[in-house]
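User: I would like to learn how to read burial along a helix and the lining of a pocket. Please take me through one example.

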Amino acid sequence: MTAMPANLSAPVDLMPKEHGAYAILAIPLLTALIVGGLTVAGISTTFAALAGFFAHEPLLVMLGKRGPRAQRSTPQAKTRLIVLGSLSITFGAIAMLTSTREGQIALVGYLLFAAISFAVAWKGQHRSLPGQLWGVLGLSSPAVPVLLVGGVPLLSVLQIWVIYLLGFL
């Protein structure tokens, strides 16, 4: 094994570091796809949410929120952010175009949650209690449009989401 020169640092891992977040995103989405069925809008929403989730860490690195050394040693963060951001936007557009009216409204709500979540991370507050609580809301919210486009009644969708929120909190 060769040692790295003193002036170079190993690139940082660009996978999300908040491991509980994987479950907070995946469990509601998988459940929504099972309950609501596989629709183009539901699958597109799922892929948009996953791409956005995996774009979070490259964004933090690129913004210097993981430290200047991580920012300098990981230039691929910008490329990964562009690719994942583009995928998220593309799948989000497909979801919007193929969704029901209720699903479109829920997608706009999810987009708002996602935008605020990125702003919370930008401010470095994603590890604070309010930031963590907002993260639970934002990460579980893509299940709402997936359920709605699958034909699940709104009251049932809200009940399912509240059950997830209470469980994760």
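**Helix faces and pocket linings**

Analyst: Take helix H5 in this predicted model. The buried residues of H5 are Gly 103, Ala 106, Leu 107, Tyr 110, Phe 113, Ala 114, Val 120 and Ala 121. Viewed down the axis of H5, these residues fall within an arc of 140°, so they line one face of the helix.

User: Why would residues separated in sequence end up on one face?

Analyst: The general idea is that an α-helix has 3.6 residues a turn, so residues three or four places apart point the same way. In H5, the other side carries Arg 101, Ile 105, Leu 111, Leu 112 and Trp 122, which are exposed.

User: What covers the buried residues of H5?

Analyst: Here contact means heavy atoms within 4.5 Å. The elements covering the buried residues of H5 include H2, H4, H6, H7 and H8.

User: How is the length of H5 read, and what follows the helix?

Analyst: The span from first to last C-alpha is set against the value expected at 1.5 Å a residue. H5 has 22 residues and reaches 32 Å, close to the expected 32 Å. After H5 comes Gly 124, with a positive phi near 75°.

User: Let me try the same reading on H8. Which of its residues are buried, and which are exposed on the other side?

Analyst: In H8, Val 157, Trp 161, Tyr 164 and Leu 165 are buried. Down the axis of H8 these buried residues fall within an arc of 100°, so they too line one face of their helix. Leu 155, Ile 163, Leu 166 and Gly 167 are exposed on the other side of H8. Cover for the buried residues of H8 includes H1, H5, H6 and H7. H8 has 15 residues and reaches 21 Å, close to the 21 Å expected at 1.5 Å a residue.

User: Now the pockets. How much space lies in the largest pocket, and what lines it?

Analyst: A pocket can be read by its volume, its lining residues and the elements that supply them. The largest pocket holds about 880 Å³ of space. Its lining has 43 residues, and those nearest the centre are Gly 52, Tyr 110, Ala 114, Ser 117 and Phe 118. By class, the lining comprises 29 nonpolar, 13 polar and one charged residues.

User: Which helices supply at least two residues of that lining, and which gives the most?

Analyst: H1 (19–36), H2 (40–62), H4 (76–98), H5 (101–122) and H6 (129–140) each supply at least two residues. H5 gives the most, with 11 residues.

User: What lines the second largest pocket?

Analyst: The second largest pocket has about 160 Å³ of space. Its lining consists of Glu 102, Ile 105, Ala 106, Gly 109, Tyr 110, Phe 113, Ser 141, Val 144, Leu 148, Leu 154, Leu 158 and Trp 161. The elements giving two or more of these residues are H5, H7 (143–149) and H8 (154–168). H5 provides the largest share, six residues. The classes here are nine nonpolar, two polar and one charged.

User: How do the helices fit into the whole chain?

Analyst: The chain has eight helices and zero strands. Its C-alpha trace spans about 60 × 30 × 30 Å along the principal axes. Of its 169 residues, 39% count as buried, with the cut-off at under 20% relative accessible area. Among contacts between residues at least 6 apart in sequence, 75% join residues at least 24 apart.

Key: Residues are numbered from 1 along each chain as its sequence is written. This is a predicted model: local features need pLDDT of at least 70, side-chain atom pairs count only at pLDDT 80 or more; totals for chains, interfaces and linings use all residues. Side-chain values use heavy atoms; hydrogens and water are left out. On a 1 Å grid over the protein atoms alone, a cavity is a set of points where a 1.4 Å probe fits but cannot get out, and a pocket is an open set with protein on both sides within 12 Å along at least five of seven lines; lining residues have an atom within 4 Å of a point. Grid points are joined across faces, edges and corners, and a volume is the space filled by probe spheres set on the points. Helices (H or I, at least four residues) and strands (E, at least two) are DSSP runs, numbered from the N terminus. Ala, Val, Leu, Ile, Met, Phe, Trp, Tyr, Cys and Pro count as nonpolar, Asp, Glu, Lys and Arg as charged, and the others, Gly among them, as polar. The expected span of a helix is 1.5 Å times one less than its number of residues. Buried means under 20% relative accessible area, exposed over 50%, partly exposed in between (1.4 Å probe, protein chains only). The arc is that of the directions from the helix axis to the C-beta atoms.
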